[in-house]
Amino acid sequence: MRRDNAPRPADDGREGAGARLLAWLPALLVAQLVLALWMGMRALPPGAGAAAVMLAIGNDLLFLLRAMPLLLPVSLALAALPTRRWALLGVGACWALFLLAQALLEQYFLTAGVALGADLFGYRLDEIRTTLGGAGGELGLIGAAGLLLPLLVLAALLAWRARRPRPARRGVLAVLVLAGLAAWALPLAPGVSLLRGEAVRAAATSKGAYFVADSLRWWRARDIPAIASASAAAPTATVAAGGDPAYPFLHADATPDALGAYFGPTRDGRPPNVVVIVVEGLGRSFSGPDAALGSFTPFLDELVGRSLYFDNFLANQGRTFGVLPSLLASAPMAEQGFTALGADMPAHAGLFNVLQRQGYHAAFYSGTDTGFDDERTFLQRQGVQDIVDLRNFGPGYQRNPFSEWGYPDRELVSRVLADSPRLQAPFVLGMQTISMHTNYRFPGQEAYRARLEQRLQQLGIPEARRAAYRAQSDIYTSILYTDDQLRRYFEGVAGAPWYADTVFVITGDHRLPEIPMDTHIERYHVPLLIFSPLLRQPLRVRAVSSHLDVTPSLLALLAHTYGLKRPARAAWTGSGLDVATTFRSTHEFPLKQTKASALDFVSGRWFLHDGTLFELQDGLRTSEVDDAGLRAQVQAHLQAYEAANAVFLRSRRLSPEGATPALVAYRAAPAAAAPQAVQATAPGLGVEALAVTVAADGIHLQAEFANGDGHDSAPFVPLAVLTDDAGRELHESYGAPLRLRANARQAVTLSLPRPAAPGRYFVAVRPSDPDDGKPLGRGRYHVPVDIPGAAQ
């Protein structure tokens with residue numbers, strides 16, 4: 001029985017609804033804080049630091065403020081229900097859904113390693129169902145607590161606050177709405193750009209804010225760019241100069257045969273077979289020589305020494321949706337990927353159908369449903385005669401009981417090997433793996449956990465760093481497992497009569513995102529191996545190329561060196577592989593992380609991402625470049641590509657000849673215009689090259705400083721900094737003051753003390769102001785240095 005006879009504040013009408021909301025809003029604020037704390041601590045990588053935690057919490061609270069312009073009017077209407085009980089239930093349900101949506105977005109990030117944005121709208125319902133099934137969907141106790149705890153806190157606080165009504169303060173709700181609108185003028189994630197590492201920055205960004213912002217960007221960008229923008233943009237390699245404006249990508253195919261010098265003749269004089277292996281999620285950071293995380297692909301590492309190996313190679317997509325058209329047809333991106341055109345996908349030339357027209361048998365194997373991402377439609381447009389996938393895999397093979405994707409890689413290799421004795425040369429064959437994909441589970445996985453420990457020991461990973469690998473043991477064991485299956489395949493076909501006359505191409509479709517990344521471009525950094533018994537010698541290539549360059553180069557090799565023909569005209573958007581053994585970047589091409597994301601762009605040595613310009617460096621490290629004129633040049637080239645892409649989207653045609661262009665001998669093709677990527681000298685001061693040597697007496701650095709301006713540089717001091725794995729500065733080293741003349745270069749030697757404890761450290765070298773030590777130009781940052789233990 002209520003003893004206080006004082007009258008309650010008004011409980012109905014607009015004033016009563018406002019009073020209720022003001023009394024209940026603290027419950028939502030506390031519940032949002034609980035969600036931010038829980039998810040921020042789970043999503044941030046170990047050692048991210050207190051600043052990252054605070055920024056993650058702050059950005060989640062900022063999203064609550066940004067949601068007020070929509071959340072408050074809906075809540076106000078529910079709070080105006082006649083009785084307090086129904087009003088409380090209505091508002092509570094609305095706020096619970098708001099919190100639950102954020103929790104699910106956070107859970108998606110924890111599972112997929114990337115935030116969910118407009119790419120949600122690029123998939124059909126059945127594809128979303130398959131993706132969720134393939135991810136496993138196992139929340140566990142911690143994940144379930146992350147979903148339920150904020151809801152329980154909200155319910156408890158609402159029940160408590162409902163007994164303590166407050167009088168409405170006129171204007172408070174209006175101020176919150178206006179503040180929420182103003183908050184959208186701030187950067188998407190204020191302060192996050194100051195954090196080190198792509199993974200930390202992504203984890204500290206509100207997933208709700210990212211989803212809303214990316215969805216709005218996608219919605220605004222759905223209108224195809226005006227064709228007129230092409231004429232205003234700078235020339236680009238993807239827009240054929242003087243060609244038919246109705247077919248802006250069409251040009252004479254004059255791709256040089258960059259590979260032929262490394263190949264010998266076949267045994268019988270016939271053209272070689274071609275096998276293309278697309279490895280799901282294979283990234284350069286954990287595969288190959290000098291891999292940043294150590295290599296977990298020992299078989300591929302062995303193959304590197306017998307192959308043409310491309311260190312600085314890029315996939316053109318951050319997910320699987322674009323790999324087949326990029327790799328096998330050098331096709332444009334369209335709107336949500338070339339295959340997303342589905343039934344409207346135009347007939348086009350590509351590796352499979354050009355070879356099939358010249359007597360090759362074409363086959364493709366996948367353990368999943370090639371209907372996903374419309375890969376089957378693409379392969380049918382390519383004229384592939386035999387498509388073996390989930391629908392017709394055949395009896396006697398075991399599906400993966402832990403995933404909805406289909407057959408694990410062991411079964412896929414067994415299926416391909418079963419058909420290998422029946423292959424009749426010449427043939428072109430594709431194989432697409434799946435086991436290096438969420439949920440990273442496969443039969444027999446437990447045996448690979450011991451293999452993982454052995455591999456960590458072989459790589460000399462210090463014990464202090466092994467916890468991070470063990471925490472993602474499902475991923476690393478999947479990598480070891482797939483590498484083993486590739487070994488099985490090559491050992492299985494080594495005795496086949498056709499093996500000696502076959503060219504094998506191995507690459508990743510993209511770098512898997514669940515292992516943290518330091519930079520955005522790392523998502524695209526994959527290895528490329530071209531192996532063949534026909535190779536005269538191996539080669540380690542450091543020039544930058546992409547998937548778009550593979551098909552033009554393979555056809556040039558087969559036409560020039562082995563007497564086949566290639567298209568007289570083609571709509572390739574790549575210009576052929578660059579086989580330079582020193583680092584350089586001369587190509588121009590788009591990159592698209594997800595179906596609905598905005599395009600990234602590489603133009604020569606410059607990389608444009610989200611309006612920010614970076615310089616590409618060896619190892620595909622990036623250094624931000626603050627030069628508005630240079631950024632405008634690269635943006636103009638991107639706009640020219642987008643304009644050409646828009647013309648293609650309107651017509652849905654790449655060539656008047658469709659899939660059957662005239663085929664001509666290698667030398668019969670007329671010369672084509674050379675690519676016109678932006679090749680301006682890097683502005684200002686910068687570190688052009690850096691070599692690191694670890695010796696008993698310290699860490700020795702050989703740095704080359706360059707002045708890219710047309711006038712003398714300001715005085716500067718070469719500075720080297722050593723940090724530990726957590727980003728804490730340990731030592732600094734300075735060189736003698738310098739001043740470089742216009743376009744001059746100078747080598748500088750710097751030394752840092754060798755840390756006593758083994759482990760991974762990082763060095764940075766930059767030109768610094770001699771008075772205050774601030775950066776004066778581009779540097780090389782976060783270069784890994786491994787200090788072995790006494791046993792190593």
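This is a guided tour of a predicted model, arranged as a series of selections to make in the viewer.

**Stop 1: the N-terminal helices**

Begin by selecting helix H1, residues 13-43, which contains Leu-33. Together with Leu-37 and Met-41, Leu-33 makes a nonpolar surface patch of about 280 Å², and Leu-33 itself counts as partly exposed because its relative accessibility is 33%.

Then select Phe-63 and Phe-98, one of the 23 aromatic pairs that a search of the whole structure finds. Their ring centres lie 5.7 Å apart with the planes at 15 degrees, so this pair is classed as stacked. Phe-63 belongs to helix H2 (residues 50-79) and Phe-98 to helix H3 (residues 84-112), so that the contact links parts of the chain 35 residues apart. Phe-63 is buried at 7% relative accessibility, and Phe-98 is buried as well, with a relative accessible area of 13%.

**Stop 2: a salt bridge across the chain**

Colour the charged side chains next; the structure holds 33 salt bridges. Centre the view on Arg-540 and Asp-290, whose closest N and O atoms are 3.1 Å apart. This pair links distant parts of the chain, with Arg-540 in strand S10 (residues 539-541) and Asp-290 in the loop between strand S2 (273-279) and helix H10 (298-304), 250 residues apart. Arg-540 is partly exposed at a relative accessible area of 29%, whereas Asp-290 is exposed at 66%.

**Stop 3: backbone geometry to inspect**

Switch to a backbone display for this stop. Most residues other than glycine have a negative phi, and most peptide bonds are trans. Against that background, select Ala-334, which is not a glycine yet has a positive phi of about 55 degrees. Ala-334 sits in the loop between helix H11 (323-329) and helix H12 (351-356), and with 7% relative accessibility it counts as buried. Leu-620 also has a positive phi of about 55 degrees without being a glycine; look for Leu-620 in the loop between strand S17 (612-617) and strand S18 (621-624), where it is buried with a relative accessible area of 3%.

For the peptide bonds, select Ala-425 and Pro-426, which are joined in the cis form with omega at about 0 degrees. Pro-426 lies in the loop between helix H14 (409-419) and strand S7 (427-432). Moving along the chain, the bond from Thr-438 to Asn-439 is likewise cis, with omega near 15 degrees, and Asn-439 is found in the loop between S7 and helix H15 (445-459).

**Stop 4: around helices H14 and H15**

Stay in this region and select Val-416, a residue of helix H14 that is buried, with a relative accessible area of 1%. The C-alpha atoms of Val-416 and Leu-429 are 9.8 Å apart in space, while the two residues are 13 apart in sequence.

In helix H15, turn to the salt bridge between Glu-446 and Arg-449, where the closest N and O atoms are 3.1 Å apart. What separates these two residues along the helix? They are three residues apart in H15, which means about one helical turn. Glu-446 is exposed, with a relative accessible area of 56%, and Arg-449 is partly exposed at 23%.

Before leaving, select Phe-299, Tyr-489, Phe-490, Tyr-499, Phe-504 and Phe-531, which ring pairs link into a cluster.

**Stop 5: the antiparallel sheet**

Finally, show the strands of the open, antiparallel sheet ordered S20-S21-S24. Strand S20 (685-695) and strand S24 (745-752) are the edges, each pairing on one side only, and the twist from one strand to the next averages 20 degrees. Eight bridges connect strand S21 (residues 698-707) to S24, and Gln-702 stands opposite Thr-749 of S24.

On these strands, select Arg-745 and Glu-704, a salt bridge with closest N and O atoms 3.1 Å apart; Arg-745 lies in strand S24 and Glu-704 in strand S21, 41 residues apart. Glu-704 counts as partly exposed at 27% relative accessibility. To see the wider arrangement, add Arg-605, Glu-615, Glu-688 and Arg-778, which are linked with Glu-704 and Arg-745 in a network of salt bridges.

Definitions and conventions: Residues numbered from 1 in each chain as written. Predicted model: local features only at pLDDT ≥ 70, side-chain atom pairs only at ≥ 80, totals over all residues. Heavy atoms only, no water. Patch = residues over 30% accessible without salt bridge, like charges linked within 9 Å, V, L, I, M, F, W, Y side chains within 5 Å. Areas by Shrake-Rupley, 256 points an atom, 1.4 Å probe, with all protein chains shown as cover. Salt bridge = Lys/Arg side-chain N within 4 Å of Asp/Glu carboxyl O. Helix = DSSP H or I, 4+ residues; strand = E, 2+ residues; numbered from the N terminus. Buried < 20%, exposed > 50% of the residue type's maximum accessible area, 1.4 Å probe, protein only. Pairing = 2+ DSSP bridges. Axes fitted to C-alpha atoms, helices over the stretch in contact; angles between N-to-C directions. Phe/Tyr/Trp six-rings, centres within 6.5 Å; stacked < 30°, edge-to-face > 60°.
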